[in-house]
Amino acid sequence: MNQKTLKRLEYSKIIEQLAKETISPLGRELALNLEPVDNMHLIKKWLSETTEGRELLRLDPVAEIGGWYDIREQVENCRRGILLEPEELISVGRTVSSIKKIKKFFLEKQETYPLLAEISGFLGYFADLDQRINSAILPGGEVADNASPALAQIRRQLINAQGQVKSRLENYIRSAAYQKYLQDPIVTIRENRYVIPVKQEYRSQISGIVHDQSASGATLFIEPMAVVEANNEARRLQVSEKQEIFRILSELSSLVAGVADDLMVSLESLAQLEFIIAKARYSIKLDAWEPKITSGFQLNIVNGRHPLLTGKVVPISVNIGDHFDTLVITGPNTGGKTVALKTIGLLVLMAQSGLHIPCDEGSVLGVFSNLYADIGDEQSIEQSLSTFSSHMTNIVDIIGKAGQSDLVLLDELGSGTDPTEGSALAKAILEKLHSSGAKTIATTHYGELKSFAYANNRIENASVEFDNISLRPTYKLLIGQPGRSNAFEIATRLGMAQDLVDRSRQFMTEDQIKAANLMDQLEKSCQQAQQDQEEAARVLAEARELKRNQEERERSILEKNDASLAKAKEEALNTVREARRQAEEMIKKLRESLSSQAAREREMGIQEVREQLTGMEAKNKQKLRRRDVPQNSPKEIYPGQEVFIPRFNQKGFVLTRAENDQVQIQIGVMKIMVSISDIRELESVAKSGGELQIAKIMATKARDISTNLDLRGLNSEEALSEMDKYLDDARLAGLPRVNIIHGKGTGALRVAVQEHLQSCKVKSYRLGEGGEGGEGCTVVYL
């Protein structure tokens, strides 16, 4: 990819932000060396890896895929035979332990993260190297006693020898005869040997070797002759300890050298995994997603956002390569043309680097061999003002290289010179690039280029939108609509005197004024159409949500009905099975009676069985009896009337009078609209055996219910139970408002009632006002 283009589009800032998401130097190096490629297979793989990394952060956010170190230097030192220090071996041991954990994790999750698992397959197997290192080296960097049996024995002997020396020296300190010779009653160490501090004037009183003296010379540190041999033994053991530690470190360093190649390959795999996770974190930070990569040289960006801008960023939607190959963007200064150009360029570079791009679903990008850009340096953060000649130098270079597989971005084409000549140059440049097949997006102020786009095939106009009411740019990119510079409006907004602006308008020709007015009307019409389209989309979304909720409610009722029918069928089958079993037992008894008894006794047995069968038949009829489903629609419909709805196999109460062949029915706590043809009239059915008619319990409640519920004197549990029943009855009765009387007292019952109302299906509630009971009453709206 062209390096000048990367610099002009500030691609390096993207890379710097990505590098901040890495942890190790290895991952940071991969991030800083990332550049776009033109291999479609590789781009798709990189993007899929980033997507998989996002899935890992979403599904397994606490997965242990870190904890390793950059041990390249330690491994190289081992290869050269250099001894590793304990701290360096600790880094190696922890890295090997992390490799084991990461390899195990992706082995278990290879179906969920196949691409990451493939990379983890290159992680080496190092047997018990980490255990050898971790057991031999303590976390503080000291070699453990159990690193070898010899070291453990040497350290035990050393402790004993040092103990003997200190014990003898303490005898000097405790001795009354020697205490007056000592500067302080302590045992200290000089030159790795135990000594005691003796006053200078008593040097001759204690026979021994002087190892040091104080700064003032008043104190001599003497090793008494009685402990010289014991100190020599301790010193010899210290040398043996160092030699054994050296041998242990050499052995561990040799083990690391033996797997140096595998460790280097594993480090590369670990760096690759960390780099992918860093790309995933950056994707989440930008709210970016994987675009669709296509083989054609085209792009279709849906609501793309500039990745380096912060705050509220206005997205742009742009396409090229499908219906047209050249796009000419016109519009005022400060309108966002250059930002749009940089946004397009950066998103293409990011996608071809395997990075997700901040845009909406449905964005499609082709793979371009090269991206060339000439963007006005006056709008760059880091560069100073460029001249017309430098622009032409860049454009000449681009024209000589750009081809069918390339994308060209040109900012303020032809600017910096005479407008007539600049416009002519711009037309010629666009014509040349268009004929070469390159996909070109150019921004300009020249009105002549608008007609140039209209007059040529596969060249399209576009503009940045300008709000004529607020006199400010909206930064939206409009494809297919040429823009105006809006110089007069911008000058007015920036404080230019109105008479000066009006005088400026007088210098325009009549044709120019007509064209400007036509463009203004067209822009207003497009803005209104866009607003209407957005409002229609919003209303459509709300309607679809309402329809979905209604279908969900109906499906819930049907599911409950199906469950009730299934339960009834199961009960009926059980009843039939029980009846069959009882009948078979009776038949068996009857046969036995007929074969063994006299005629009179047989007759009595038959009669007994007949009576049992009659009783069983009546019992089963009672079990299996069902209500007859009414077939007639009601002649008259009125609120409070109880009806039957065959569609739901439920009874309900009419809430409103019929309107447009529709009536509102309440089934339990649900209210639904039902066609009159879908409801049936209920008739009173007398019960057999002289029983009373089935009373319409719910209708009676609706008729007799009070608007007040007094809970005073009840505890919280009893009060809430009563309130639930009462609210159900109040809903069925169609009461719009009820009063829950709980009294004032300590306020505990009031708190319990209002907390419970938060989970109930009520419209709202409040404390009573003057004349309603005040704080002793809660008014509930249903």
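**Aromatic pairs, a helix crossing and two strand arrangements**

Both phenylalanine 105 and tyrosine 113 are buried. In this predicted model, the structure holds 5 aromatic pairs, and one of them joins these two residues. A pair of aromatic rings is described by the distance of the centres and the angle of the planes. For phenylalanine 105 and tyrosine 113, the centres lie 6.4 Å apart and the planes make an angle of 25°. Because planes under 30 degrees apart count as stacked, this pair is classed as stacked. Elsewhere, ring pairs connect Tyr172, Tyr178, Tyr181 and Tyr202, forming a cluster.

Helix packing comes next. Helix 2, spanning residues 11–19, packs with helix 12, spanning residues 260–286. The angle between them is about 110° and their axes are 9 Å apart, which means that helix 2 runs roughly perpendicular to helix 12. On the helix 2 side, the contact involves Ile14, Gln17 and Leu18. These residues meet Phe275, Ala278, Lys279 and Tyr282 of helix 12. Sorted by class, this contact of helix 2 with helix 12 comprises 5 nonpolar, 1 polar and 1 charged residues.

A hairpin is built from strand 3 (residues 208–213) and strand 4 (residues 219–224). The two strands pair in the antiparallel sense over 5 bridges. Within this pairing, isoleucine 209 has glutamate 223 in strand 4 as its bridge partner. The hairpin has 5 residues between the strands, and glycine 217 takes a positive phi near 80°.

Further along the chain, an open sheet of 4 strands shows mixed pairing and the order 20-21-23-22. Strand 20 (708–710) and strand 22 (764–767) stand at the edges with a single partner strand each, so one side of each has no neighbour in the sheet. On average, and with direction ignored, neighbouring strands of this sheet are turned by 20° against each other. Strand 20 pairs with strand 21 (residues 737–741) in the parallel sense over 3 bridges. In this pairing, asparagine 708 has asparagine 739 of strand 21 as its bridge partner.

Two helices can be placed on this sheet. Helix 22 (residues 716–733) touches strand 20 and strand 21, and its direction makes about 165° with that of strand 21. Helix 23 (residues 748–757) packs on the sheet as well, touching strand 21, strand 22 and strand 23 (777–781). The direction of helix 23 makes about 165° with that of strand 22.

Methods. Residues are numbered from 1 along each chain as its sequence is written. This is a predicted model: local features need pLDDT of at least 70, side-chain atom pairs count only at pLDDT 80 or more; totals for chains, interfaces and linings use all residues. Side-chain values use heavy atoms; hydrogens and water are left out. Axes are lines fitted to C-alpha atoms, for helices over the stretch in contact, and angles run from 0 to 180 degrees between N-to-C directions. Angles under 35 degrees count as roughly parallel, over 145 as roughly antiparallel, 65 to 115 as roughly perpendicular and the rest as oblique. Contact means heavy atoms within 4.5 Å. Ala, Val, Leu, Ile, Met, Phe, Trp, Tyr, Cys and Pro count as nonpolar, Asp, Glu, Lys and Arg as charged, and the others, Gly among them, as polar. Two strands pair if DSSP finds at least two bridges between them. Rings of Phe, Tyr and Trp (its six-membered ring) pair if their centres lie within 6.5 Å; planes under 30 degrees apart count as stacked, over 60 as edge-to-face and the rest as tilted. Buried means under 20% relative accessible area, exposed over 50%, partly exposed in between (1.4 Å probe, protein chains only).
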